[in-house]
Amino acid sequence: MTTALQLTGHRDQLFNQVIRQQLDSWISKYPPGQSQSAVIPALHILQDSHDGWLSEGLMRALADYLEIPAISVFEVATFYTMFELKPVGKHKISVCTNISCLLCGSEEIANHLQKRLGIGFGQTTADGKFTLKEVECLGACVGAPMLLLDRQYHEHLTPDKVDALLGEVK
Amino acid sequence: MQLDQVCFRTMHLDQPWSMESYRSVGGYQMLEKILREKTRQETIIEIIKNSALRGRGGAGFPTGLKWSFMPRRMPGDKYIVCNSDEGEPGTCKDRDIIRFNPHQVIEGMIIAGYTIGAQRGYNYIRGEFFEPIERFEQALIEAREAGYLGKNILNSGFNFELFCHPGAGAYICGEETALLESLEGKKGQPRYKPPFPAGYGLYGRPTTVNNTETLASVPVILQHGADWFHELGTPNNGGQKIFCMSGHVNKPGNYEVPLGMPFAELLELAGGVRNGNKLKAVIPGGSSTPVVPADVMMQTAMSYDGIGKAGSMLGAGSVIVMDETTCMVKALERIAYFYYEESCGQCTPCREGTGWLYRVIKRIEDGQGRQEDLDRLIDVANNINGNTICALGDAAAAPVISFIKHFRDEFQYHIDHKCCLVSEPELKLNYG
């Protein structure tokens with residue numbers, strides 16, 4: 001979903017109505033006066049509705065909306081690895097290379113992906129289709145080696161499975 | 001021997017995650033009984049204490065005792081928080097509990113809330129767990145519709161609200177005070193203890209943080225009794241426990257088995273070492289627990305006390321199996337990189353020390369190790385150990401100290417010969 005989000009102005013006009021509803025729903029899950037608790041879920045929502053990354057304007061607008069200082073949003077966005085602060089590809093592939101995956105061949109998977117996509121970790125393909133990331137343990141160790149493609153885990157990978165997977169992505 | 005008696009007890013059913021499946025094994029009966037009979041909080045705490053349930057997230061602290069620390073009659077807000085920020089390398093059990101039996105986590109949390117005097121709970125689930133989060137949210141809707149959440153639950157006068165809160169990728173948030181900071185919408189940097197969460201927790205209010213598997217064990221304990229649960233395991237190590245069998249085994253998977261089961265038996269359940277290879281070493285409780293050589297491990301019982309005797313820790317039950325083809329330097333390099341990457345940066349010994357550990361191990365692996373490096377590694381590790389606010393510092397030090405202790409020759413070989421002692425598996429196949 002790519003929509004023009006209004007990022008300045010009165011609180012009631014920030015973002016758009018759909019996003020405001022989602023944010024309000026999260027804020028309501030915390031006690032009165034604790035809207036800062038909603039910052040992580042809110043950043044997920046904004047990132048998903050803004051081509052997968054968080055611009056400074058987006059973060060400032062969120063700070064206004066939650067009525068907290070902008071630095072409080074920047075601190076969180078820069079601390080957690082799921083938040084992207086630069087443009088990314090249409091699809092994000094996160095490959096685990098931690099110990100259980102390493103023992104089960106994640107190096108081969110990682111090399112294969114880099115070769116197939118022609119990019120290294122932290123890079124995006126020229127056509128803007130894929131961003132490739134190396135990540136720490138994603139908690140699917142008994143399915144090693146594994147990767148996360150957008151919102152879906154893929155386990156017990158082989159180079160062939162990776163090829164099939166890439167082929168299915170639109 | 002029957003497996004899957006506790007957290008995985010719906011696993012054999014079609015759609016094990018549904019309300020219907022959960023009810024068919026006795027789910028929510030205990031909550032209904034407690035609210036109907038207005039069971040005294042002290043009675044529940046006593047049962048949990050007698051069951052010898054210990055924290056399943058890594059520290060192994062007795063759950064009943066933890067609950068007893070809460071000022072349960074103190075007026076004002078109190079919280080129960082479920083720690084589903086599963087991120088210790090080797091650990092993947094909470095993901096399956098939430099995916100396949102979310103209602104048991106919910107019932108456990110409501111009962112825990114009732115017992116410690118909390119009217120609000122949060123389940124902090126790591127952000128990458130999209131599928132488990134969705135499952136849990138759906139289960140919350142079902143529980144709310146069934147009248148188990150909200151105001152005046154089942155006309156008992158007890159109010160309880162429960163929400164799911166996603167993380168966003170930070171191992172440190174599995175540390176309970178970092179998790180509370182994160183839940184408050186901040187960077188996940190651990191707090192000094194004391195004060196402990198039971199006194200000063202979420203929003204500065206009394207809070208209990210328990211692991212997913214711990215909370216999901218509660219309804220079963222109440223249903224079948226403390227003695228039943230205790231006797232599933234061994235004295236002081238009650239119950240069954242999920243072991244995540246990963247690495248070089250033929251059938252990797254999550255196995256819920258009695259605590260105290262010999263490791264050899266557990267290894268057999270997981271199909272034995274892959275390709276019939278020889279076992280070299282095991283990390284029994286997740287990457288932060290000391291590595292144990294094969295001969296010791298084969299004599300070890302899988303309980304808190306048993307693994308303690310073997311010089312390691314049960315941790316979260318994350319068993320990482322390494323066969324004879326494993327290069328211990330390379331394995332340690334990857335583990336060291338993890339702690340370097342995940343250090344929150346708050347304490348100097350951890351922030352700087354984890355970088356030192358990684359860089360020195362990496363140069364040994366790269367064939368550029370120096371003779372003084374092994375002593376240097378031990379020195380750096382000892383300077384992190386015990387000198388940080390939270391246990392991540394110790395977690396980074398323990399693997400380094402134990403790998404070098406048990407496999408020093410292999411590290412020394414790397415330094416002396418600038419190459420690996422272990423033949424690559426591909427070579428073995430070619431000559432084999």
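In the predicted model, helix 5 of chain A contributes the most to the lining of the second largest cavity, supplying 3 residues. This cavity has a volume of about 30 Å³. Its lining is drawn from both chains: Cys96(A), Asn98(A), Ile99(A), Ser100(A), Cys101(A), Cys137(A) and Cys141(A) are joined by Pro89(B) and Gly90(B). Classified by residue type, the lining of the second largest cavity comprises 6 nonpolar and 3 polar residues, with no charged ones.

In total, 2 cavities of 30 Å³ or more were found in the structure. The largest encloses about 80 Å³ of space. Of its 13 lining residues, those closest to the centre are Cys344(B), Cys347(B), Cys350(B), Cys390(B) and Leu392(B). Charged residues are absent from the lining of the largest cavity, which consists of 8 nonpolar and 5 polar residues.

The interface between the two chains was examined next. Here 40 residues of chain A are in contact with 58 residues of chain B. The area buried between chain A and chain B amounts to about 3900 Å², and carbon and sulfur atoms account for 60% of this area. Polar contacts also link the chains, with 20 residue pairs counted between chain A and chain B, both residues being at pLDDT 80 or more. On the side of chain A that touches chain B, the elements giving two or more residues are helix 2 (39-48), helix 4 (70-79) and helix 5 (99-103) of chain A. The residues on this side of chain A divide into 23 nonpolar, 10 polar and 7 charged. Helix 5 of chain A thus appears both among the elements that touch chain B and in the lining of the second largest cavity.

Charged pairs were considered both at the interface and within a chain. Side chains of opposite charge can pair when their charged atoms come close. Between chain A and chain B, 5 salt bridges were counted. In one salt bridge between the chains, the side chain of Arg334(B) meets that of Glu136(A), with an N to O distance of 3.1 Å.

Over all chains, the search of the whole structure gave 36 salt bridges. Within chain B, Glu176(B) and Lys193(B) form a salt bridge whose closest N and O atoms are 3.1 Å apart. This pair connects distant parts of the chain, as the two residues are 17 residues apart. Glu176(B) belongs to helix 8 (residues 176-183) of chain B, whereas Lys193(B) lies in the loop between helix 8 and strand 4 (207-211) of chain B.

Key:
Residues numbered from 1 in each chain as written. Chains lettered and ligands numbered in written order. Predicted model: local features only at pLDDT ≥ 70, side-chain atom pairs only at ≥ 80, totals over all residues. Heavy atoms only, no water. Contact = heavy atoms within 4.5 Å. Buried area = accessible area lost by both parts, 1.4 Å probe. Salt bridge = Lys/Arg side-chain N within 4 Å of Asp/Glu carboxyl O. Polar contact = N/O pair within 3.5 Å; in protein donor to acceptor, adjacent residues only side chain to side chain. Helix = DSSP H or I, 4+ residues; strand = E, 2+ residues; numbered from the N terminus. Nonpolar A, V, L, I, M, F, W, Y, C, P; charged D, E, K, R; others polar. 1 Å grid on protein atoms, 1.4 Å probe; cavity = no way out; pocket = protein on both sides within 12 Å on 5 of 7 lines; lining within 4 Å. Points joined across faces, edges and corners; volume = space filled by probe spheres on them.
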